[in-house]
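Work through these exercises with the structure in view. Try each task before you read its solution.

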Amino acid sequence: MKHVSILVPKGNAILSSVVGPYKILSAANRFLKSTGVRNDDFFDIHLVGLDSDQSLYNGLFSIHCNKTIDQVNKTDLILIPALRTEKLVEELQLNQPYVDWIINQRNRNNAEVASMCLGAFVLARTGLVDGKQCSTHWAAMEVFKRMYPQVNLVSNKIVTEEDGIYTSGGAYSFLNLMIHLVEKYCGREAAIYLSKFFEIEIDRKDQNQFVIFQGQKEHDDTAIKAAQNYIEDNVNDKISVEELAQKFAISSRNFVRRFKKATQNTPLEYIQRVKVEAAKRSLETTQQNVNEIMYQVGYADQKAFRTVFKKYVGLSPVAYKTKYNRSQLEYQGSNSW
């Protein structure tokens, strides 16, 4: 039997990332018993809080924890649910007792730890992912990088696993993490069954297709912010880093250094991401072909455009258009039989 502690953070925890893991692990127990693999539960599931009762969403929901952290001497797997973005820093401090408890369980009992979405911020405070791969919601990646530069944040992965530490990407990608854990502990057959029962796409690896690049302008370097605005206003043009540096009267080397410090991207990466985001919008909303869109965002080489697009999106331009353009789907449907 594996003792599982699903933490119930104080403040604005995401309710679905508490209930969802509970439901999936409970279903795994039922599957193992119904197929004769076990006669008892494999997962001994507990909702573990700092207090016995936790109110969520301004009192609309409440969770009764069947254990508090001081009542759990030994656990095998700790699941850290997602926090909401409102007052994130304050709520991280509010949940600091979990951090100390997780470190203690890891050091004393070699407990495995898994974070979901913005639960990665709590995990990072433990130091257990220093130098390790870690994923979180794409919308919080720039904040995460600033707060935890020692962590190897990977932008594209739905699930990471390293030395008994697991993380998942944004929002409902925690479902893929749970299927991953079920497969590890209970086998492929159980994972496939649960993916079908809950209608979760199994083996989903990449979250880049969901990313909306919004620029990184939460900094005080006015020259770099002006350069960012210029890139975004001239997305149709071919822009070089050297031209940008000259335009804003900064040496090329210093420009690159300041740009990377302010935005967490090199100027070239920023230019590429702005152009790819513009291409994505056109692929989603127009009937223009890929070549037309490619020219509109300042590319002339099909191979180069496809390579850059797939680097940031995880899909080819054609695959992205097929998946997200409603008119394209309606056209294909009218011709199918």
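**Exercise 1.** Sort the lining of the second largest pocket by class.

Solution. Step 1: the lining has four nonpolar, four polar and seven charged residues. Ala, Val, Leu, Ile, Met, Phe, Trp, Tyr, Cys and Pro count as nonpolar, Asp, Glu, Lys and Arg as charged, and the others, Gly among them, as polar. Step 2: of these 15 lining residues, Val 159, His 180, Asp 203, Arg 204 and Lys 205 are closest to the pocket's centre. Step 3: H6 gives the most to this lining, with four residues.

This is a predicted model: local features need pLDDT of at least 70, side-chain atom pairs count only at pLDDT 80 or more, and totals for chains, interfaces and linings use all residues. Residues are numbered from 1 along each chain as its sequence is written, and side-chain values use heavy atoms, with hydrogens and water left out.

**Exercise 2.** Find which element gives the most residues to the largest nonpolar core.

Solution. Step 1: a nonpolar core is a set of buried (under 20% relative accessible area, 1.4 Å probe, protein chains only) Ala, Val, Leu, Ile, Met, Phe, Trp, Tyr and Cys residues joined through side-chain atoms within 4.5 Å. Step 2: this core has 38 residues, and Cys 186 is one of those that touch the most other members. Step 3: helix H6 (174-186) is among the elements that give two or more residues. H6 gives the most, with eight.

**Exercise 3.** List what Cys 186 touches, not counting residues up to four places away in sequence.

Solution. Contact means heavy atoms within 4.5 Å. Cys 186 touches Leu 32, Phe 42 and Phe 43.

Definitions and conventions
Buried < 20%, exposed > 50% of the residue type's maximum accessible area, 1.4 Å probe, protein only. 1 Å grid on protein atoms, 1.4 Å probe; cavity = no way out; pocket = protein on both sides within 12 Å on 5 of 7 lines; lining within 4 Å.
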